[in-house]
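Visitor: Could you walk me through this one? I'd like to go through it in questions and answers.

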Amino acid sequence: MPEAPKPPRDVSQPHSSPARQGLTPPPLPAVTSRRGRKGRGLAAVLPGAARAGGHHELVERDFEREYGKLQQLEEQTKKLQKDMKKSTDADLAMSKAAVKISSDLLSNPLCEQDAAFLGVVTAFDTAMRRMDSFNQEKVNQIQKTVIEPLKKFGSVFPSLNMAVKRREQTLQEYRRLQAKVEKYEEKERSGPGLAKLHQAREELRPVRADFEAKNQQLLQEMPKFYSSRSDYFTPSFEALLRAQVVFYSEMRSIFGDLTAQIGRAALSDELRERENEGRLGELRALSIVGDD
């Protein structure tokens with residue numbers, strides 16, 4: 001089973017190479033949300049001539065595209081985990097119901113009167129219990145190799161949401177300080193005004209550097225994280241296929257043995273319906289079920 005993905009690293013810390021991480025997806029970058037941005041992209045907070053350029057609009061589109069992929073991946077991971085759980089629950093319910101049916105047939109009084117029928121039902125009950133045992137093994141394998149890795153992969157995204165919040169906070173602070181700089185730039189360049197402008201620019205500089213560093217990290221690492229999903233999930237999906245192949249191979253053997261034990265040639269649907277109708281007619285002919 002592949003290792004669980006690791007949460008986002010701090011932008012100031014170096015990260016290990018993907019090759020050393022094995023099947024573990026690379027750490028998530030600190031990213032910002034597409035929600036609550038009121039239509040203002042990166043270009044809206046960049047000063048001077050840079051704001052008019054198309055480069056930052058392109059950067060923003062790249063961010064939106066890559067983050068959108070991660071959001072979609074999160075939803076798909078949740079859905080797949082939910083669907084796999086439903087599937088395994090349904091498999092267990094099916095085999096448990098089959099065992100219940102065979103057990104009820106064994107306790108039917110008819111089996112006490114007909115030794116041949118008792119033999120058939122006993123063989124059927126044995127087959128159902130074998131099926132239930134193999135089904136439980138299959139479900140346990142799927143739980144270990146598919147559902148648990150899906151759950152661990154999904155556990156990365158709450159950390160992503162926290163990184164989104166932190167980047168959004170940095171972006172809001174960037175906007176606030178940029179607006180402050182612009183306000184002083186529009187005023188008369190007097191002595192006190194120039195001092196305030198200089199102070200505002202000094203306050204803006206580290207926040208801008210912080211934002212740009214986070215944005216650069218985001219653009220570098222989001223595609224790496226997204227592309228790592230194949231290496232992470234391929235072993236799980238291969239294990240799922242193997243578990244299904246083993247199970248249905250055993251079912252072929254179990255029901256082949258049951259067919260040999262029953263011995264009687266199977267009736268066609270038409271002959272079975274005709275035989276049942278004939279016997280039902282005999283029952284209806286009895287006086288105790290006749291019309292009043």
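**A tour of the helices and their salt bridges**

Guide: Let's start with a cluster of charges: a network of salt bridges links Asp62, Arg65, Glu66 and Lys69. Keep in mind that this is a predicted model.

Visitor: How many salt bridges does the count come to?

Guide: A pair counts when a side-chain nitrogen of Lys or Arg lies within 4 Å of a carboxyl oxygen of Asp or Glu. By this rule, the count comes to 19 salt bridges.

Visitor: What elements does the chain have, helices or strands?

Guide: Reading from the N terminus on, the elements run α-α-α-α-α-α-α. That goes with zero strands and seven helices.

Visitor: What separates glutamate 74 and lysine 78 in helix α1?

Guide: These two form a salt bridge, with the closest N and O atoms 3.5 Å apart. An α-helix has 3.6 residues a turn, so residues three or four places apart point the same way. Glutamate 74 and lysine 78 are four residues apart in α1 (residues 55-106), so what separates them is about one helical turn.

Visitor: And is glutamate 74 buried or exposed?

Guide: Its partner lysine 78 has 47% relative accessibility and counts as partly exposed. The cut-off for buried is under 20% relative accessible area. Glutamate 74 has 13%, so the word for it is buried.

Visitor: Which residue forms a salt bridge with aspartate 83?

Guide: Aspartate 83 is partly exposed at 32% relative accessibility, while its partner is exposed, with a relative accessible area of 54%. Both lie in helix α1, four residues apart, which is about one turn of the helix. The closest N and O atoms are 2.9 Å apart, and the partner is lysine 79.

Visitor: How far apart are the closest N and O atoms of aspartate 269 and arginine 272?

Guide: Both residues lie in helix α7 (residues 269-284), three residues apart, about one turn of the helix. Aspartate 269 counts as exposed at 62% relative accessibility, whereas arginine 272 is partly exposed at 35%. They form a salt bridge, and the closest N and O atoms are 3.1 Å apart.

Visitor: How far is glutamate 60 from leucine 219 in space, C-alpha to C-alpha?

Guide: Glutamate 60 sits in helix α1 and counts as buried, at 11% relative accessibility. In sequence, glutamate 60 and leucine 219 are 159 residues apart. In space, their C-alpha atoms are separated by 9.7 Å.

Visitor: Where in α5 does the kink lie?

Guide: Helix α5 (residues 191-227) has 37 residues, and reaches 55 Å from its first C-alpha to its last, close to the 54 Å expected at 1.5 Å a residue. The kink is about 30° and comes shortly before proline 223. It lies at glutamate 221.

Visitor: How do α3 and α6 run, roughly parallel or roughly antiparallel?

Guide: Helix α3 (residues 115-154) and helix α6 (residues 229-262) pack with their axes 10 Å apart, at an angle of about 180°. Angles over 145 degrees count as roughly antiparallel. So α3 is, relative to α6, roughly antiparallel.

Visitor: And how many residues of the contact of α3 with α6 are nonpolar?

Guide: The residues of this contact divide into three groups, with five charged and seven polar among them. The nonpolar group has 23.

Visitor: Last one: what percentage of the residues in the chain is buried?

Guide: Buried means under 20% relative accessible area. The chain has 292 residues, and the buried ones make up 34%.

Definitions and conventions. Residues are numbered from 1 along each chain as its sequence is written. This is a predicted model: local features need pLDDT of at least 70, side-chain atom pairs count only at pLDDT 80 or more; totals for chains, interfaces and linings use all residues. Side-chain values use heavy atoms; hydrogens and water are left out. Helices (H or I, at least four residues) and strands (E, at least two) are DSSP runs, numbered from the N terminus. The expected span of a helix is 1.5 Å times one less than its number of residues. The bend at a residue is the angle between axes fitted to the seven residues ending there and the seven starting there. Buried means under 20% relative accessible area, exposed over 50%, partly exposed in between (1.4 Å probe, protein chains only). Axes are lines fitted to C-alpha atoms, for helices over the stretch in contact, and angles run from 0 to 180 degrees between N-to-C directions. Angles under 35 degrees count as roughly parallel, over 145 as roughly antiparallel, 65 to 115 as roughly perpendicular and the rest as oblique. Ala, Val, Leu, Ile, Met, Phe, Trp, Tyr, Cys and Pro count as nonpolar, Asp, Glu, Lys and Arg as charged, and the others, Gly among them, as polar.
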